[in-house]
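Have the structure open as you read. The paragraphs below walk through it one place at a time.

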Amino acid sequence: MLKVFKYTLIDLARNRFVLGYALLMLFVAEGLFFVEDDPSKALLSLVQVVMALVPLIALVFTIVYSYDSLEFTQLLAVQPIARRSILAGQLLALCTALLVAQGFGLGLPLIVHLPNMAALMLSFSGSGLVLVFTALGLLIALKQREKARGVGVGLTVWFLFVLVYDALLMALMFSFSDHPIEPFVVPLAALNPIDMGRILVMLQVDLAAMMGYSGAVYKDFFGSYGGIAVAAAVLLLWFVVPTLFSFRTFQRKDL
Amino acid sequence: MEVLAIAAPGDTIHVYGEVHEGTITIEKSVVLIGHDGAVIDGGEQGEVVLIKSNDVTIEGFTIRGSRISNLEDNAGIKASECRNTVIQDNFLDGCFFAIYLSGSKGALVEHNTVVGHNVRDDQMGNGIHLWKCNSAIIRNNTVRNHRDGIYFEFVTDSRIIDNISTGHIRYGLHFMFSHRNEYIGNLFRDNGAGVAVMYSHHMIMRHNRFEANRGASAYGLLLKEINDGEVTDNLMMDNTTGLMVDGCNRISVERNEFRNNGWALRLFANALYCAFNDNAFIANTFDLSSNGELKENVMSGNYWDRYVGYDLDHDKVGDTPHRPLGFFALLVERIPYAMVFSRSLFVSLLDRAERLLPTLTPAALQDEHPLMRQQEWVGKADKNNGNAPISVRTMNGRSNDMDHG
């Protein structure tokens with residue numbers, strides 16, 4: 001597994017897309033910090049970019065890379081290596097490459113310009129999103145035989161997470177606004193990894209507003225270490241479940 | 001202190017480093033000056049210093065031990081029905097009420113440090129409490145950890161200048177039915193509910209700082225049923241709600257800076273003929289929120305950091321109006337826990353669409369002349385603690401000295 005990991009990582013390091021991703025994030029982050037006088041305002045814009053862009057890139061890149069390295073995977077599969085090791089090595093390499101790229105492109109500007117709790121939360125949830133959507137991308141790539149189809153499904157999944165889920169939740173909230181459904185809406189929102197990440201950052205940034213009304217409740221929950229643990233658990237679940245499905249699919253797949 | 005009995009009116013009594021136990025009642029016009037840590041300890045008997053004569057001065061004492069009571073308002077220093085009381089340079093340590101003036105005329109409360117216990121609110125009275133007074137001056141005091149820091153009820157023509165009021169259970173400053181008062185250059189921070197001005201008219205509020213008042217019903221400044229008030233050159237920062245306007249008429253809110261608040265401005269639809277001009281709104285979660293239509297109010301020449309218009313003629317005023325009332329602000333007003341969707345992509349899209357084609361938000365309230373850049377003089381309340389006199393250039397360039405002495 002370590003060998004597969006190593007060679008995939010070397011291949012990824014040569015891949016211009018990963019470098020491009022790192023530079024893009026760096027460019028966006030530095031640009032926002034440059035344009036806005038107030039670093040905490042730049043962070044708010046950055047949150048929106050990260051919450052939309054990171055899942056998209058992680059998904060699409062993983063899917064495209066999986067198809068492109070199919071021949072290499074086939075070559076590996078005829079060697080006396082367990083399929084489990086091949087997939088684990090590849091997944092690990094993909095996650096590592098994207099995390100390093102993101103650490104460089106997003107983490108570095110954050111540390112330089114705004115070393116505070118909100119920035120830490122943004123890095124934390126950004127990394128979580130990379131893991132989750134890499135795992136999802138891999139599963140999609142394994143399930144679909146055709147590359148174009150795979151990318152299509154990937155885009156649809158991204159769209160569902162980033163827009164449709166919130167739209168549905170808000171529709172639900174509106175139609176049941178006369179009922180006490182508040183205890184359901186927040187956990188439901190937290191089920192979506194993108195919303196979860198956003199809420200974690202927002203609790204640090206919009207603290208003053210969150211403290212108003214029932215905001216104190218969220219603060220008590222998400223602001224505490226227990227809440228962060230729950231958030232981490234949700235993200236972990238979103239990583240682990242698709243990965244398990246990926247392994248099952250890969251074991252049985254006719255390459 | 002026995003000397004009080006033989007003192008003649010007009011005498012000055014110097015007390016050196018003595019600890020006096022029990023209540024002192026002053027029934028003559030004397031000046032009482034403490035030196036070298038002179039202490040008056042009421043010993044939890046009831047009142048500590050009771051002033052019952054005109055022209056009394058209490059200066060330089062440490063005063064403590066007024067009994068907590070649910071029936072009587074026991075105070076560290078209480079003056080009732082007196083004229084020209086002067087209370088200065090005292091340290092009031094953990095009194096139930098600290099300084100309590102009722103029916104006083106022309107009192108001066110200056111340079112005192114008032115610190116409460118900050119226990120449950122039924123165990124704690126107000127720091128500086130005025131009832132049915134007029135022409136009082138409260139200046140340069142530091143008040144901490146009481147129920148209300150400074151409380152005015154039926155007080156007229158008085159001034160509150162350059163005080164620091166922090167960490168109170170309820171309000172840092174609280175006015176009820178008190179007219180024609182001014183408060184200038186004060187700092188209010190970390191109070192349970194901020195500052196409240198209620199049922200009063202002709203109030204002047206200038207150069208104050210309202211900071212870090214957080215909680216479900218905490219406001220930097222709450223104006224309730226105020227007529228003809230003036231809120232200028234203040235700074236509202238890090239509050240859950242910066243300024244709340246409920247049932248007010250003819251209020252002018254000008255040249256204030258709203259920074260980092262949850263809601264910068266919450267305007268109830270019952271506001272009439274209020275003007276919000278030349279303010280700056282920066283990095284607030286919501287700049288404006290309301291519970292209905294906003295009519296007959298004016299809003300012009302403000303700086304909004306959310307403004308996305310352009311300025312083709314380079315007159316530093318945006319060419320398109322700004323609508324500060326967003327769709328999401330209205331949504332949260334209706335369904336508070338919609339806050340979880342704050343800054344999600346979907347909400348941002350809806351907000352943007354609403355700004356382009358307003359259908360839900362009332363069109364009445366918009367800034368026709370939003371500024372492209374923040375004016376320099378906006379919100380220049382003293383950044384330290386409000387003790388130094390501040391000169392602020394007003395719009396027409398006149399120097400408006402705020403040290404009214």
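Arg343(B) sits in the loop that joins helix H2 (327-334) to helix H3 (345-356) of chain B. The model is predicted, and in it this arginine has a positive phi of about 60 degrees, although it is not a glycine. Why is that worth a look? Most residues other than glycine have a negative phi. Is Arg343(B) buried or exposed? Arg343(B) is buried, because 20 other C-beta atoms lie within 10 Å, and 20 or more is the cut-off for that label.

His111(B) also has a positive phi. Its value is near 55 degrees, again in a residue other than glycine. Look for His111(B) in the loop between strand S13 (108-110) and strand S14 (113-115) of chain B. Here the neighbour count is 14 C-beta atoms inside 10 Å, so His111(B) is classed as partly exposed.

Stay in chain B and turn to Ile40(B). This isoleucine belongs to strand S5 (residues 39-41) of chain B. It counts as buried because it has 27 C-beta neighbours inside 10 Å. Which residues does Ile40(B) contact, leaving aside its neighbours within four places in sequence? They are His20(B), Ile24(B), Val48(B), Val49(B), Phe61(B) and Ile63(B). Take Ile24(B) from that list. Ile24(B) and Ile40(B) are 16 residues apart in sequence, yet their C-alpha atoms are 8.3 Å apart in space.

Now move to where the two chains meet. On one side are 34 residues of chain A, in contact with 27 residues of chain B. Several helices of chain A take part. H3, helix H7 (147-175), helix H8 (182-191), H9, helix H10 (207-210) and helix H11 (215-222) each supply at least two residues of the side that touches chain B. Which helix gives the largest share of that side? H3(A) does, with seven residues. By class, the chain A side that touches chain B has 21 nonpolar, six polar and seven charged residues.

H3(A) also packs within its own chain. Helix H3 (residues 39-68) and helix H9 (residues 193-205) of chain A have axes that come within 10 Å and cross at roughly 170 degrees. That angle is over 145 degrees, which means that H3(A) runs roughly antiparallel to H9(A). From H3(A), the residues that meet H9(A) are Ser40(A), Leu43(A), Leu44(A), Val47(A), Met51(A) and Pro55(A). Their counterparts in H9(A) are Ile194(A), Gly197(A), Arg198(A), Val201(A) and Val205(A). Sorted by class, this contact has eight nonpolar, two polar and one charged residues.

H8(A) is the next stop. Val186(A), Ala189(A) and Ala190(A) are buried in this helix. How are they arranged around the axis? The buried residues of H8(A) fall within an arc of 100 degrees when seen down the axis, so they line one face of the helix.

Finish at Trp238(A). This tryptophan is in helix H12 (residues 225-252) of chain A. Trp238(A) is buried, because 22 other C-beta atoms lie within 10 Å. Leaving aside its neighbours within four places in sequence, Trp238(A) is in contact with Val132(A) and Pro193(A). Arg252(A) is 14 residues away from Trp238(A) along the chain, and 22 Å separates their C-alpha atoms.

Terms used:
Residues are numbered from 1 along each chain as its sequence is written. Chains are lettered from A and ligands numbered from 1 in the order in which they are written. This is a predicted model: local features need pLDDT of at least 70, side-chain atom pairs count only at pLDDT 80 or more; totals for chains, interfaces and linings use all residues. Axes are lines fitted to C-alpha atoms, for helices over the stretch in contact, and angles run from 0 to 180 degrees between N-to-C directions. Helices (H or I, at least four residues) and strands (E, at least two) are DSSP runs, numbered from the N terminus. Angles under 35 degrees count as roughly parallel, over 145 as roughly antiparallel, 65 to 115 as roughly perpendicular and the rest as oblique. Two residues are in contact if their C-beta atoms, placed from the backbone, lie within 7 Å. Ala, Val, Leu, Ile, Met, Phe, Trp, Tyr, Cys and Pro count as nonpolar, Asp, Glu, Lys and Arg as charged, and the others, Gly among them, as polar. A residue is buried if 20 or more other C-beta atoms lie within 10 Å of its own, exposed if 12 or fewer, and partly exposed in between; C-beta atoms are placed from the backbone. The arc is that of the directions from the helix axis to the C-beta atoms.
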